[in-house]
Amino acid sequence: MREEPLENPFNRLLKRALDLAIATPIAFFVLPPFIALVWLLHRVQSPGPLWHRQARAGLQNRTFQIFKFRTMNLHDEPLAQQAAPGDARVFPAGRWLRRLSIDELPQCLNVLRGEMSVVGPRPHLLEHNLQFAEQLANYHIRTLIKPGITGLAQVRGFRGEARTPEDIAARLQSDLIYLENWSLTLDLGILARTIWQMLRPPPSAV
């Protein structure tokens, strides 16, 4: 049994209000110019769909379609394979989109739809969820809250490819700390660190 602050309806209401306060202006004012920019980059380097939609595991392991800007060439390696440094599937401008986390901006639409939060455990591919759950008995505890665009694990440097069980365990530990210690102050601190890392991406960004 774990104490979860977001079991409190008032705390959930506060978190949802923060989500809407951040995701709404991004969706209406920040996302449109980036849509135009990414569309142009696609036309030059990798013609094809603007959006990359993928099934992810969300709250209580319910499946939803996540939105991202496409950063990989079409008809390439299996998308279930995690992106690694120097991944040949990623077109040149896509590397910068990923490094600066611009490819994640469309997830504000998932937040508005109520499928994600701005801050929370990152949603994984369904295949990876099954794989990680086999390695860690308490892995699914992280699904007690909505997944996030950013999270405590990410600002602590646990991002990119998870190569070992230790990598997965370190991310899970951060997710559980977040779940047990949630507060608006913690969310705001994670958001501030996320913005800083977008301006100065860590070496683990791919």
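Good morning. I begin with one residue, Ser46, which touches Leu41, Arg70, Met72, Asn73 and Phe91, leaving aside residues up to four places away in sequence. Please keep in mind throughout that this is a predicted model. Ser46 sits in the loop between α1 and β1, and with a relative accessible area of 4% this serine is buried, because buried means under 20%. For a sense of distance, the C-alpha atoms of Ser46 and Leu152 lie 33 Å apart in space, and the two residues are 106 apart in sequence.

Let me turn to the interior. The largest nonpolar core has 25 residues, and the members that touch the most others are Phe69, Val119, Tyr178 and Ile190. Which elements give two or more residues to this core? They are the helices α1 (9-45), α3 (107-112), α5 (152-155), α6 (165-180) and α7 (184-199), together with the strands β2 (63-69) and β3 (117-119). Of these, α1 gives the most, with four residues. There is also a second, separate core of seven residues, with Ala162, Ile168, Leu172 and Leu176 among them.

Phe69 deserves a closer look. At 1% relative accessibility, Phe69 counts as buried. Beyond residues up to four places away in sequence, Phe69 touches Leu31, Phe34, Ile35, Val38, Leu50, Trp51, His52, Ile102, Asp103, Leu105 and Pro106.

That list includes Trp51, and this brings me to the aromatic rings. How many aromatic pairs does a search of the whole structure find? The search finds three. Trp51 and Phe69 form a stacked pair, with 5.6 Å from centre to centre and 10 degrees between the planes. Trp51 lies in strand β1 (residues 51-57) and Phe69 in strand β2, so this pair ties together parts that are 18 residues apart in sequence. The two partners are not alike in exposure: Trp51 is partly exposed, with a relative accessible area of 24%, whereas Phe69 is buried at 1%. Ring pairs also bring in Phe67, so that Trp51, Phe67 and Phe69 are linked into a cluster.

Another pair is made by Phe132 and Tyr139. Their ring centres are 5.9 Å apart and their planes stand at 70 degrees, so the pair is edge-to-face. Both Phe132 and Tyr139 are buried.

I move now to the empty space in the model. A search of the whole structure finds one cavity of 30 Å³ or more. The largest cavity has a volume of about 60 Å³. The residues that line this cavity are Ala57, Gly58, Pro121, Arg122, Pro123, His124, Asn129, Arg142, Thr143, Ile145, Lys146 and Pro147. Sorted by class, the lining has five nonpolar, four polar and three charged residues.

The second largest pocket has a volume of about 190 Å³. Its lining consists of Glu4, Leu6, Arg12, Lys15, Arg16, Asp19, Leu59, Ser117, Leu144, Ile145 and Lys146. Which element provides the largest share of that lining? It is α1, with four residues. By class, the lining of this pocket has six charged, four nonpolar and one polar residue. Ile145 and Lys146 appear in the lining of the cavity and also in that of the pocket.

Next, a matter of backbone geometry. Asn61 has a positive phi of about 65 degrees although it is not a glycine. Asn61 is placed in the loop between β1 and β2, and at 30% relative accessibility this asparagine counts as partly exposed. Ser101, likewise not a glycine, has a positive phi near 65 degrees. Ser101 is in the loop between α2 (92-99) and α3. Is Ser101 buried or exposed? Ser101 is buried, with a relative accessible area of 16%.

I close with Ile195, found in helix α7. At 52% relative accessibility, Ile195 counts as exposed, because the cut-off for that class is over 50%. The C-alpha atoms of Ile195 and Met116 are separated by 19 Å, and the two residues are 79 apart along the chain.

Note on methods:
Residues numbered from 1 in each chain as written. Predicted model: local features only at pLDDT ≥ 70, side-chain atom pairs only at ≥ 80, totals over all residues. Heavy atoms only, no water. Core = buried A, V, L, I, M, F, W, Y, C linked by side-chain atoms within 4.5 Å. Buried < 20%, exposed > 50% of the residue type's maximum accessible area, 1.4 Å probe, protein only. Contact = heavy atoms within 4.5 Å. Phe/Tyr/Trp six-rings, centres within 6.5 Å; stacked < 30°, edge-to-face > 60°. 1 Å grid on protein atoms, 1.4 Å probe; cavity = no way out; pocket = protein on both sides within 12 Å on 5 of 7 lines; lining within 4 Å. Points joined across faces, edges and corners; volume = space filled by probe spheres on them. Nonpolar A, V, L, I, M, F, W, Y, C, P; charged D, E, K, R; others polar.
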